[in-house]
Amino acid sequence: MKELSKKELLEIKGGGAGTMLIIVAGIVFLVGVIDGYVRPLGCN
């Protein structure tokens, strides 16, 4: 097995799945906040 140099490590491109998950989670959070503000429900 070959050990990668620092230059080779920096050239590795990761998938965009993590970024997409963060964006989707942010959208879901904002929708929840807006829904809670517009349509507040009492606790049971």
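**Helix, exposure and charge pairs in a predicted model**

Trainee: Asp-35 is partly exposed, with a relative accessible area of 33%; with which residue does Asp-35 form a salt bridge?

Mentor: This is a predicted model, in which local features need pLDDT of at least 70 and side-chain atom pairs count only at pLDDT 80 or more, while totals for chains, interfaces and linings use all residues. Residues are numbered from 1 along each chain as its sequence is written, and side-chain values use heavy atoms, with hydrogens and water left out. Partly exposed lies between buried, under 20% relative accessible area, and exposed, over 50% (1.4 Å probe, protein chains only). With a salt bridge taken as a side-chain nitrogen of Lys or Arg within 4 Å of a carboxyl oxygen of Asp or Glu, and with closest N and O atoms 3.1 Å apart, the partner of Asp-35 is Arg-39.

Trainee: How many salt bridges does a search of the whole structure find?

Mentor: Side chains of opposite charge can pair when their charged atoms come close. Besides the bridge between Asp-35 and Arg-39, the side chains of Lys-2 and Glu-8 meet at 3.1 Å, N to O; Lys-2 is exposed at 60% relative accessible area, whereas Glu-8 is partly exposed at 28%. Over the whole structure, the number of salt bridges found is two.

Trainee: What distance separates the end C-alpha atoms of helix H2?

Mentor: The chain has two helices and zero strands, these being DSSP runs numbered from the N terminus, with helices (H or I) of at least four residues and strands (E) of at least two. The expected span of a helix is 1.5 Å times one less than its number of residues, so the 22 residues of H2, residues 17-38, should span 32 Å. In agreement with this, the end C-alpha atoms of H2 lie apart by 31 Å.

Trainee: How many of the 22 residues of H2 are buried?

Mentor: Phe-29 lies in helix H2, and at 57% relative accessibility this residue counts as exposed. H2 is hardly covered, and the count of buried residues in this helix is zero.

Trainee: What is the area of the nonpolar surface patch that includes Ile-27?

Mentor: Patches are made of residues with over 30% relative accessible area and no salt bridge, like charges being joined within 9 Å and nonpolar side chains (Val, Leu, Ile, Met, Phe, Trp, Tyr) within 5 Å; areas come from the Shrake-Rupley method with a 1.4 Å probe, and for residues only the protein chains shown count as cover. Ile-27 lies in helix H2. Together with Met-20, Ile-23, Val-24, Val-28 and Val-31, Ile-27 makes a nonpolar patch of about 560 Å².
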